[in-house]
Amino acid sequence: MQQKNLKLKAARALKDMTQNDLAQAVNVTRQTIVAVESGNYNPTISLCIDICKALGKTLDELFWEED
């Protein structure tokens with residue numbers, strides 16, 4: 001099981017965005033953002049890039065998992 005993406009949740013909160021705000025910014029449903037944050041969905045690289053652009057972060061900052 002994947003771990004929760006707390007970095008994504010924190011970055012979204014720093015931007016003062018709700019899950020719905022982020023979902024609208026990257027053209028997915030709120031449920032998709034919920035699933036990504038909870039670790040229940042492995043987003044495509046394209047979606048990862050869109051999320052990073054919306055939050056002003058890099059792929060490494062949001063999606064790189066430390067060993």
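How many salt bridges does a search of the whole structure find? The search finds one, where a salt bridge is a side-chain nitrogen of Lys or Arg within 4 Å of a carboxyl oxygen of Asp or Glu. Before we meet that pair, a word on the model and its numbering.

This is a predicted model, in which local features need pLDDT of at least 70 and side-chain atom pairs count only at pLDDT 80 or more, while totals for chains, interfaces and linings use all residues. Residues are numbered from 1 along each chain as its sequence is written, and side-chain values use heavy atoms, with hydrogens and water left out.

## The salt bridge

The partners are Arg12 and Glu37, whose side chains meet at 2.6 Å, N to O. Arg12 belongs to helix H1 and Glu37 to helix H3, so the bridge ties together parts that are 25 residues apart in sequence. Helices here are DSSP runs (H or I, at least four residues), numbered from the N terminus.

Are these two charged residues buried or exposed? Arg12 counts as buried at 9% relative accessibility, and Glu37 counts as buried at 5%. The word buried stands for under 20% relative accessible area, exposed for over 50%, and partly exposed for values in between (1.4 Å probe, protein chains only).

## The nonpolar core

Next comes the inside of the model. A nonpolar core is a set of buried Ala, Val, Leu, Ile, Met, Phe, Trp, Tyr and Cys residues joined through side-chain atoms within 4.5 Å. The largest one has 13 residues, and those that touch the most other members are Leu8, Leu22, Val26, Ile33, Ile51, Leu55 and Leu62. Two or more residues each come from helix H1 (6-14), helix H2 (19-25), helix H3 (30-38) and helix H4 (45-55). The largest share, four residues, is given by H4.

Leu62 is a good place to look around. Leaving out residues up to four places away in sequence, Leu62 touches Asn5, Lys7, Leu8, Ala11, Ile51, Cys52, Leu55 and Lys57; contact means heavy atoms within 4.5 Å.

## A walk along helix H3

Helix H3 has buried residues at Ile33, Ala35, Val36, Glu37 and Ser38. The cover over these buried residues includes H1, H2, H4 and helix H5 (59-63).

Ile33 lies in H3 and is buried, with a relative accessible area of 0%. Not counting residues up to four places away in sequence, its contacts are Gln19, Leu22, Ala23, Val26, Val28 and Ile51. Ile33 and Ala10 are 23 residues apart in sequence, and their C-alpha atoms are 13 Å apart in space.

Arg30 is also found in helix H3, but Arg30 is partly exposed, with a relative accessible area of 37%. With the same sequence neighbours set aside, Arg30 touches Gln19, Asn20 and Ala23. Just after H3, Gly39 takes a positive phi of about 80°.

## Two loop residues

Positive phi also turns up at two residues that are not glycines. The table places them side by side.

| Residue | Phi | Place | Relative accessible area |
|---|---|---|---|
| Asp16 | about 60° | loop between H1 and H2 | 69%, exposed |
| Asn27 | about 60° | loop between H2 and H3 | 72%, exposed |

## Cysteines without a disulfide

How many disulfides does a search of the whole structure find? The count is zero, with a disulfide taken as a pair of cysteine sulfur atoms within 2.5 Å. For Cys48, the closest cysteine sulfur is in Cys52, 6.6 Å away, which is too far for a bond. Cys48 counts as buried at 7% relative accessibility, and Cys52 is buried with a relative accessible area of 4%.

## A nonpolar patch on the surface

Finally, let us turn to the outside. Ile45, Ile49 and Leu59 make a nonpolar surface patch of about 250 Å². Patches are made of residues with over 30% relative accessible area and no salt bridge; like charges are joined within 9 Å, and nonpolar side chains (Val, Leu, Ile, Met, Phe, Trp, Tyr) within 5 Å. The areas come from the Shrake-Rupley method with a 1.4 Å probe, and for residues only the protein chains shown count as cover. Ile49, one of the patch members, lies in helix H4 and counts as partly exposed at 34% relative accessibility.
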